[in-house]
Structure formats: structure tokens, C-alpha cells
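Let's take a friendly walk through a protein fold, one piece at a time. Keep the structure open beside you and look for each part as it comes up.

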Amino acid sequence: MYIWSNIVKGERKAYQVYLNMLCRAASYIGRQPNIGKNIVVYTARDIYLLLYGGFTIINCYLYVLERMQDFSFVVMKNVFLIVLSLLFPAGVLAEPLQYKFASRDTCDLYLDVYLPDSADNKGVCILYAFGGGFREGSRRDAHTVAFMQRLADAGMVAVAMDYRLGFKGNMEEVKPVEMVRRFSNAVDMAVEDMFSALRFVYDSCGKWGADSSKIVLSGGSAGAITALQCDYALSNGEAVAGIMPEGYRPAGVISCSGAVCVFDGKLKYRRQPAPTMFLHGTKDKLVSYDKFVLFGKGMYGSKRLVKIFEKNSWPYWIMRFENFGHEIAAIPQIENVPDMVRFIDLFVSGKADKQIDETIREAGIDEPLLNMSVMSFKNPDNKFDAEKYIERVSQ
């Protein structure tokens, strides 16, 4: 448990973050290409997302106090959420199209489709899987919804999908061998679900204005592992990929802090993978930037995968965020959408056969904001330093 030495100081920092988001939103709204067409809708939508995002940051602050069992702050948080939902209902946003794409023994799986303006439609469809360690998360969490809206604004058909969370439960008493087995099963379940979603999108995207040959797999953290793993399965002709037409390959992959997991044998691509955009923190220890091997099972991150791509002259774009950790699973969906659009323009629409290697350095960043490792799953009380996080994000 973390106790803040000065609550007033903490409040000020939380609201500094919120004001910083206001400034960014104002800049964002001003850059919208269609602002003249529909200023009321665009402004209402972005203000809603802004306030929701602001609440998320402030909620992080209130959560620490809630852990201190301060009842007054629990009440404050809940009242704030109720007022926010009444003043800015979700109906302000354009409702996505919803489809059921699979039925499993335990649940039905759905996906949401966010459509661009017809005049701006690039004919590209991005299938996105949320992050959360295969333990938590939702296709409708605020972060994912905002990201889908940004992609739709940029001319893409954006699809957020469900997948089964196979790594739930308390891992504190679980032995490492059993933990690896459970993780392997969780990855397999997510990959199976993404292939079901991919087949549905492949068959349906034409009516959304997208080309079935221009589907991009994407995700953050666990979702990025799932996306990379699906492309790996297609490249190696694995049985799970048999749901797709013979010879199918996605037009691209966008991975935010992802990796390929090999639970049997060595890392090897038998066929050329899709052009891939890797975004990864160089000090990520949760989803390894390089590699993590335990009991002969390997997790191979962006650094290791790029070496294989480079050796074989396969197209890729890597953005190495120097000294960042696992926060790159989420930051690019806010800050790097223009880079993702450029990747799509170059590698998906333009079919560029090139390799781009880029290192991003930010002054004052010498250690990760989220300094977590694989073994963080063992301890449910392992929380990152909320005060330091708010300080760094507000700068």
C-alpha cells in the first residue's frame, strides 16, 4: 500500500493531469479534418472522451485513498461518477455496430464496429484486442472506445473484439510450472477467439466499406500478444489458423508491447509474416522487450522479433521507447495514432517493402513509469507508485 505524504499535493497533481488533457483535447479538436462539417458532434464527442479520461486519472488518485479505507473518498468517487454519467451520457458518442461473432461453452463473444465518414474511408479495417494480462479488460473500456474513435476519425473501419480471459484467478499460491501452463492456455483461447473474429470480419467488412485484403490485426499488451500470435500461426500453418481461406495473411499487424509466445519448440517463421509495426518500451519486463524463457517456454518481444525480420528482409517499423516500461501498451493508442496511420498508408495501402527503426527519447525519462515484471501476477498487492506516475504523466 502506498501512502501519499501530502493529500493536497496529490489533488493538485491529479488536476494538473486533467488540465493537461484539456489542452490536448483543444489541440486535437482543432486538427480534425471534418470540423467544419460537424462541429457540434465532434466537440461533444471529444469533450465526453476528455472528461471520461480525466475521471480515469483522478480515479487512480482516489483509488489509492480508497485502499487506505477512507470512506469519504469512496463516496466522493462514486458521486463524481454518477454526476459525470448524468451530465455526459454515452449517447453523445455515435453507437458502434454490434455483432455476435462466436459462441463458446461459457459465453457469447461480440465485436463493435466503428465506421469512418464515407468520404474519408481508406478501405482498411483494424481488428483490435484490448489488454489486461488475459485477466481483465473489455472491448468497451474508455481507453479502447477512445482509440476506436480516433481510428475511425482517421478513415479506418475500427473493430474492437471480445475474447475469453483465461488467466483469471489468484496466482499467489500457484507454482511457476502451473502458472506457465495456465498462461499458455489463456493465449491459446485468445488466439482461437481472434481467429473467429477475423473470419467474421473477413466475411463482413465489405458492407462496412473495407477491403478484406486490407485487414490489420492489432492490440495492446495481451491483445498485442494475441495479434502477433495469430500472424505467427498463419505463417506456420497451425491448425487454429485453418478457419481462414487457404494462403490468407493479414495486411499488417500493429503491436503495442506485444510478443510471440512459443510453448513447444523454437521460434521460427516458416512463411513471411505480415508487415508489422512494433511499439515497445526498452525496459518492459512484463511483456519482455527482448525475450523471457522459463522451463523451455519462451516469450519473444519486439527486439528479438525485429532481428528475425531484419535478417530475412521482411518489412517492419519499430518504435523503441527508450527507458519506458509496459506503459507503452497503452500510451501509443493516445499519442501515436498518426504514426499508425502512416504505417497503414506506407505498408498496407502502399505495400512498402522497407524497414524503419526508430528510437524515441524523452527528456527526464530514465526509468519505467510502470515498473512491473512477469512475476507481478504472483502478488495481487503489487501496485505501481501512483504518485510518481501522476507526476511523470503531468509533465
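## A covered strand and its sheet

Strand β3 is mostly covered, with five of its five residues buried. This is a predicted model, so read each value here as computed from that prediction.

Why can a strand have two sides to look at? In a regular strand, side chains alternate between the two faces of the sheet. In β3, Cys125, Leu127 and Ala129 sit on one side, while Ile126 and Tyr128 sit on the other, and all of these residues are buried. Both faces of β3 are therefore covered.

Now look at a neighbour of this strand. β3 pairs with strand β4 (residues 157–161) in the parallel sense, over five bridges. You can pick out one of the partners by eye: tyrosine 128 has alanine 160 of β4 as its bridge partner.

What is the order of the strands in the open sheet? There are nine of them, and they run β1-β2-β4-β3-β5-β6-β8-β11-β12, with mixed pairing. The edge strands are β1 (97–103) and β12, each of which pairs on one side only. From one strand to the next, the twist averages 15 degrees.

At the β1 edge, six bridges join β1 to β2, and these two strands run antiparallel. Here serine 103 has aspartate 108 of β2 as its bridge partner.

## Two helices across the sheet

Next, find the helices α5 and α6. Helix α5 lies across β1, β2, β3, β4 and β5, and runs at about 130 degrees to β1. Helix α6 lies across β3, β5, β6 (252–256) and β8 (276–281), and runs at about 145 degrees to β5.

How do these helices sit against each other? Two packed helices are described by the angle between their axes and the distance between the axes. For α5 (residues 176–204) and α6 (residues 222–235), the angle is about 75 degrees and the axes are 9 Å apart. Angles of 65 to 115 degrees count as roughly perpendicular, so α5 and α6 are roughly perpendicular to each other.

From α5, the contact uses Phe183, Val187, Ala190, Val191, Met194 and Phe195. From α6, Ile225, Thr226, Ala227, Gln229, Cys230, Ala233 and Leu234 take part. By class, this contact has eleven nonpolar residues, two polar ones and no charged ones.

In the loop between β5 (215–220) and α6 you will find serine 221. Is serine 221 buried or exposed? Its relative accessibility is 8%, so serine 221 counts as buried. Leaving aside residues up to four places away in sequence, serine 221 touches Gly131, Cys256, Ser257, Gly258, Val287, His326 and Ala329.

## Charged pairs

Side chains of opposite charge can pair when their charged atoms come close. How many salt bridges does a search of the whole structure find? The search finds 14. Here are some of them, with the distance between the closest N and O atoms.

| Residue | Partner | Closest N and O atoms |
|---|---|---|
| Lysine 122 | Aspartate 345 | 3.2 Å |
| Arginine 181 | Glutamate 178 | 2.6 Å |
| Glutamate 322 | Arginine 361 | 3.1 Å |

Lysine 122 lies in the loop between β2 (108–114) and β3 (125–129), and aspartate 345 lies in helix α9 (residues 337–349), so this pair ties together parts that are 223 residues apart in sequence. Lysine 122 is partly exposed, at a relative accessible area of 29%. Aspartate 345 also counts as partly exposed, at 36% relative accessibility.

Arginine 181 and glutamate 178 are three residues apart in helix α5, so about one helical turn separates them. Arginine 181 is partly exposed at 43% relative accessibility, and glutamate 178 is partly exposed with a relative accessible area of 26%.

Glutamate 322 is in the loop between β11 (316–321) and α8 (332–335), while arginine 361 is in the loop between β12 (355–360) and α10 (386–394), so the pair ties together parts that are 39 residues apart in sequence. Glutamate 322 is partly exposed, with a relative accessible area of 27%, whereas arginine 361 is exposed, at 59%.

Finally, look for a group rather than a pair: Arg104, Arg164, Glu192 and Asp193 are joined into one network by salt bridges that share partners.

Terms used: Residues numbered from 1 in each chain as written. Predicted model: local features only at pLDDT ≥ 70, side-chain atom pairs only at ≥ 80, totals over all residues. Heavy atoms only, no water. Axes fitted to C-alpha atoms, helices over the stretch in contact; angles between N-to-C directions. Helix = DSSP H or I, 4+ residues; strand = E, 2+ residues; numbered from the N terminus. Parallel < 35°, antiparallel > 145°, perpendicular 65-115°, else oblique. Contact = heavy atoms within 4.5 Å. Nonpolar A, V, L, I, M, F, W, Y, C, P; charged D, E, K, R; others polar. Buried < 20%, exposed > 50% of the residue type's maximum accessible area, 1.4 Å probe, protein only. Salt bridge = Lys/Arg side-chain N within 4 Å of Asp/Glu carboxyl O. Pairing = 2+ DSSP bridges.
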